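Reader: Hi! I have this model open next to its sequence, and I would love a close look at one part of it. Could you walk me through a single helix and what surrounds it?

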Amino acid sequence: MPRSHVRRSCAALSLFVVLLLLGGGPSSAQAAPAPITPFLDGVLGSVDDYWHETQAAAGRPAPSVLHSWVVPGAQVDSACGVPAGDDAAFYCPVDDTIYVGQAFASALYDGVFEGLPGQKAGYGKAAGDFAVAYVVAHEYAHNVQEEAGLLAGRTRALPTELNADCLAGTWARWEYGKGKLTDADVQEALDAALAVGDFDYFNPQHHGTPKERHDALQTGMQSTSTSACDQYLQR
Ligand SMILES: [Zn+2]
C-alpha cells in the first residue's frame, strides 16, 4: 500500500479516536446511537464484583462466566442449540456464556422494545438503564445457579427463574447500599420484572407471572442474604 494511503488511514483512525474521546460524532443529527456495550460491560463488572464478594464471604469458589454482547444483525451460535441474535437474553450453561443482543439491550434502554408478554397484557414497562441491568443480573444469577449445581435435571424453568430474579434483587440492594442507585432505578427494575412476566402456565418454560417476577425481585431487594431467595427453588 502506498505510504500516502497508510498515512491517510492513520489520520482517519486518530480522528475517530479523538471523536470517541470527545464522546461525540461529526453531527448529532446523523450520529449513530451510542453503543450499549460500555453500559453492559459496566453492569456485568458490578454484578461480577458482587458475586465475588458474596461467594467469598460464604466460603464458596469465585464465580466465573463468559459473555457475548451480540452485534446488531449478527447471529452467534451458542452451545445450547439456540442461536443468539438481536433479541438474545439468556445464559447457556453448556458454554458458560451470557448472551445479550445489543439491539435488545438498546431497545430496552430506550424503552422501545415491544412484545414482552407482561407488558402486552398491561403490566409494567421495560424501559431505562436499570431495566437492562436487571436482565444482566438475572442472567448472571443463572451462572451462579449452574455453579451451585442447581440447573441440571430440572424439568420446569419457574423455580430457577424466580430464584434468579430474587438474586438479581440482592445485587440491586448491594448497589443501592453503595449509593449507586436511585429509587427511580429500583422502580425501573420492578417495572421491567412485571413486563417480562408471562402467563404460559402450562409450558415448562413458564418463567413466572408479572406479579411473581416482580415479587421475587423485590424479595431480593429487601433481603440482606441470598438465602432469602432459596424459597423459590422449592416452587
Ligand atoms: Zn432466566
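**A close look at helix 2**

Author: Happy to! This is a predicted model, and its chain has 8 helices and 5 strands. Along the sequence they follow the pattern α-α-β-β-β-β-β-α-α-α-α-α-α. Let's settle on helix 2, which runs over residues 37-57.

Helix 2 has 21 residues and reaches 30 Å from its first C-alpha to its last, close to the 30 Å expected at 1.5 Å a residue. Its buried residues are L40, V43, L44, V47, Y50 and W51. These cover an arc of only 125° around the axis, which puts them on the same side of helix 2. The spacing fits a general rule: an α-helix has 3.6 residues a turn, so residues three or four places apart point the same way. On the face turned away from that buried side you will find the exposed residues P38, G45, E53, A56 and A57.

Now for the surroundings. The buried residues of helix 2 are covered by, among others, strand 1 (66-70), strand 5 (97-101), helix 3 (102-110), helix 5 and helix 6 (158-177). One contact to look for is between V47 and A137, a residue that also touches A168, W171 and A172. A137 is among the residues with the most contacts inside the largest nonpolar core, which has 60 residues. Helix 5 (residues 129-147) gives the most to this core, with 11 residues.

Finally, look just past the end: helix 2 is followed by G59, whose phi is positive, near 75°.

Terms used
Residues numbered from 1 in each chain as written. Predicted model: local features only at pLDDT ≥ 70, side-chain atom pairs only at ≥ 80, totals over all residues. Helix = DSSP H or I, 4+ residues; strand = E, 2+ residues; numbered from the N terminus. Core = buried A, V, L, I, M, F, W, Y, C linked by C-beta atoms within 7 Å. Buried ≥ 20, exposed ≤ 12 C-beta atoms within 10 Å, placed from the backbone. Contact = placed C-beta atoms within 7 Å. Expected span 1.5 Å × (residues − 1). Arc of directions from axis to C-beta.
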